[in-house]
Amino acid sequence: MNGIMEKTRDLDKYGLKDVTAHWNLSAEDLQRITIEKGMGEETENGTLSVKTGRFTGRSPKDRFLVKDEYTKDKVWWGRINKPISPKNFDKLQAEVVNYLNGKEVFVRDGAVCADPSYRMNVRTITEYPWSNYFIKNMFLRLNEDELKDFEEEWLVLCAPGYEAPNPSEFGIIAGNFSILNFTKKVALVGGSAYTGEMKKGIFSALNLILPVDKNVLPMHCSANVGEDGDTAIFFGLSGTGKTTLSADPNRKLIGDDEHGWTKENTIFNFEGGCYAKVIDLTEEKEPDIYRAIRPGALLENITFKEGTKEVDYFDSTITQNTRVSYPIYHIDNIQEPSYAANPKNIFFLTCDAFGVLPPVSKLTPGQAAYHFISGYTAKVAGTEAGINEPVPSFSACFGEPFMPLHPTVYAEMLSDKMTEAGVNVWLINTGWSGGPYGVGSRIKLKYTRAMISAILEGKLEDVELEVHPIFGLHMPKYCPGVPTEILDPMNTWLQKGAYVSKAIQLAHSFHINFDKFASEASEEILSGGPLIDSHHGLEGHF
């Protein structure tokens with residue numbers, strides 16, 4: 001039994017009785033069992049494919065945190081962080097345990113946080129074999145010695161087949177739920193088979209534990225490291241290029257989604273794998289992800305080309321959110337172990353579909369904190385039902401749904417760490433130039449890559465900067481490999497008046513969004529926003 005000592009295998013302590021427990025099974029065994037149970041099938045190259053059922057994404061409205069002595073004064077309660085009482089949590093946990101009793105379960109002992117100083121052991125008990133497969137890919141895999149005396153700090157209980165019969169009795173909204181209890185250190189998932197609920201549950205837990213107890217800044221970002229040991233961090237919401245731009249043949253990938261920044265100035269990956277979107281995937285566009293989809297990976301909610309087992313990555317019949325999880329070693333150029341020192345540059349990626357923001361600009365510490373709290377991108381037509389023209393989208397700290405603390409807590413930590421480490425912060429617009437979506441064109445990926453390479457190679461350090469009149473951003477006047485005329489976005493618009501009007505409109509959206517954070521923000525952060533909004537004139541700015 002993997003040489004694990006019996007005392008670590010006691011499920012009675014969780015109240016689980018008469019269960020058939022499979023411990024730390026290999027990917028091959030989990031794949032075989034999944035197929036034998038009729039819960040999945042293999043693609044033409046032998047990769048396991050499963051359907052997650054009714055839920056093909058997270059359900060934010062069904063996420064709760066237990067409100068008790070530990071959390072009541074720490075958590076930023078509201079729309080994102082909804083409370084549930086300890087009593088209701090205990091009742092629900094007992095229900096889930098009772099549901100699992102007498103069943104077959106799959107247990108995985110793993111860890112999160114690649115830096116050994118911050119490692120946290122997590123035991124995951126799942127109803128489905130392929131849920132366990134996902135955890136094997138995504139959490140840090142432990143060796144025989146580490147498993148021998150394994151004791152978990154957190155427990156994840158995942159029972160997709162259980163739905164609360166009378167949700168209101170438990171203080172929840174629907175039969176499905178994802179709940180964190182920081183005192184008992186339990187993440188409880190029921191009624192949803194979407195695997196991301198487990199991953200984001202533990203990420204959310206770390207987003208409270210690390211800053212409060214360890215003075216570590218948790219970040220929803222990707223990171224890579226150069227040959228000289230300089231680390232770069234990439235923040236960005238879905239569709240901004242975070243995974244694409246951090247996968248650089250000349251730099252080693254630390255991780256693609258969740259990291260911590262320590263007081264010792266190291267950047268470490270929380271995870272042992274990647275969870276990537278695969279809609280419209282091609283080998284040309286995303287070679288690393290495409291090649292990582294092989295035995296050992298787990299595909300979710302994809303379809304096959306008719307009469308074959310060849311994946312149709314362009315089919316969104318089931319969902320736009322088709323996914324693959326794979327262990328990080330499926331990527332060739334990785335940093336092992338997955339942490340590094342010396343953060344030098346931070347990139348905030350935004351896909352500005354209004355065509356207003358410069359393709360590259362340097363931020364002051366106040367601007368960095370402001371834009372970090374704002375977490376701006378724009379949704380374009382086709383991304384969501386009912387969206388026919390660009391819509392501003394803000395997600396605090398580029399990961400609001402997973403942040404239990406007030407966003408200014410993370411922003412002030414970021415400012416302190418930036419100042420301490422002498423880090424440069426850059427805003428990179430991977431969106432439109434020459435007009436908004438439908439008029440202008442998307443900034444070429446080769447230009448964005450050239451900007452990032454120039455920054456990483458120090459080629460913009462002595463370049464003259466000019467200040468954007470509305471957003472106050474510092475725009476380089478020259479960048480190797482990039483046409484000079486696109487560096488100031490106003491130059492790319494045929495009608496300058498139309499540009500000014502659209503820029504003021506976007507600036508106003510920033511101000512309105514920031515109102516909810518303003519009371520907790522310092523003067524320096526407040527001064528980092530757009531210089532004007534629609535209530536101010538333009539005299540003297542142009």
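Q: In this predicted model, which strand holds H220?
A: The model is predicted, not experimental. H220 sits in a strand that spans residues 217-225. That strand is β11.

Q: Is H220 buried or exposed?
A: Buried means under 20% relative accessible area. H220 has a relative accessible area of 10%. H220 is therefore buried.

Q: Which residues does H220 touch, not counting residues up to four places away in sequence?
A: Contact here means heavy atoms within 4.5 Å. H220 touches K200, F203, F235, K242 and D257. The list goes on with F398, G399, F402 and M403.

Q: What is the largest C-alpha distance among K200, H220 and D257, which UniProt places under "binding site"?
A: The feature comes from an unreviewed UniProt entry. Its residues are spread over 58 residues of sequence. They still cluster in space. The largest C-alpha distance is 10.6 Å.

Q: Which residue of the set K200, H220 and D257 does the lining of the largest cavity take in?
A: UniProt, in an unreviewed entry, gives "binding site" for these residues. From this set, the lining of the largest cavity takes in K200.

Q: Where is K200 placed, and is K200 buried or exposed?
A: K200 belongs to helix α5, residues 196-214. Its relative accessible area is 11%. The cut-off for buried is under 20%. K200 is therefore buried.

Q: Which residues does K200 touch, leaving out those up to four places away in sequence?
A: H220 and D257 are among the contacts of K200. E258 and F402 also touch K200. The remaining contact of K200 is R58.

Q: The UniProt annotation "binding site" also covers R58, Y194, K200 and R323; which of these residues does the lining of the largest cavity include?
A: This annotation, too, is from an unreviewed entry. Of these residues, the cavity lining includes R58 and K200.

Q: How accessible is R58, buried, partly exposed or exposed?
A: R58 lies in the loop between β3 (48-50) and β4 (63-66). Leaving aside neighbours within four places in sequence, R58 is in contact with Y194, G196, E197, K200, P401 and F402. Its relative accessible area is 27%, so R58 counts as partly exposed.

Q: Which strands stand at the edges of the open sheet of five strands?
A: The strand order is β2-β3-β17-β20-β16, with mixed pairing. An edge strand has a single partner, so one side of it is left without a neighbour in the sheet. The edge strands are β2 (40-42) and β16 (273-277).

Q: By how much are neighbouring strands of this sheet turned against each other on average?
A: The sheet in question is open and has five strands. Direction is ignored in the angle. The average turn is 25°.

Q: What is the bridge partner of V50 in β17?
A: β3 and β17 (residues 298-300) pair in the parallel sense. They do so over three bridges. The partner of V50 is E300.

Q: Over what arc do the buried residues of α1 spread?
A: Helix α1 (residues 27-36) lies across β2 and β3. Its buried residues are A27, L30, Q31, I33 and T34. They are on the same side of α1, because their arc around the axis is only 165°.

Q: Which exposed residues does the face of α1 turned away from its buried side carry?
A: The buried residues of α1 are covered by elements including β2, β3, β6 (104-112) and α3 (129-138). The face turned away from the buried side carries E28 and E36.

Notes. Residues are numbered from 1 along each chain as its sequence is written. This is a predicted model: local features need pLDDT of at least 70, side-chain atom pairs count only at pLDDT 80 or more; totals for chains, interfaces and linings use all residues. Side-chain values use heavy atoms; hydrogens and water are left out. UniProt positions are given in the numbering used here, feature names are shortened, and annotations may be inferred rather than shown by experiment. On a 1 Å grid over the protein atoms alone, a cavity is a set of points where a 1.4 Å probe fits but cannot get out, and a pocket is an open set with protein on both sides within 12 Å along at least five of seven lines; lining residues have an atom within 4 Å of a point. Helices (H or I, at least four residues) and strands (E, at least two) are DSSP runs, numbered from the N terminus. Buried means under 20% relative accessible area, exposed over 50%, partly exposed in between (1.4 Å probe, protein chains only). Two strands pair if DSSP finds at least two bridges between them. Axes are lines fitted to C-alpha atoms, for helices over the stretch in contact, and angles run from 0 to 180 degrees between N-to-C directions. The arc is that of the directions from the helix axis to the C-beta atoms.
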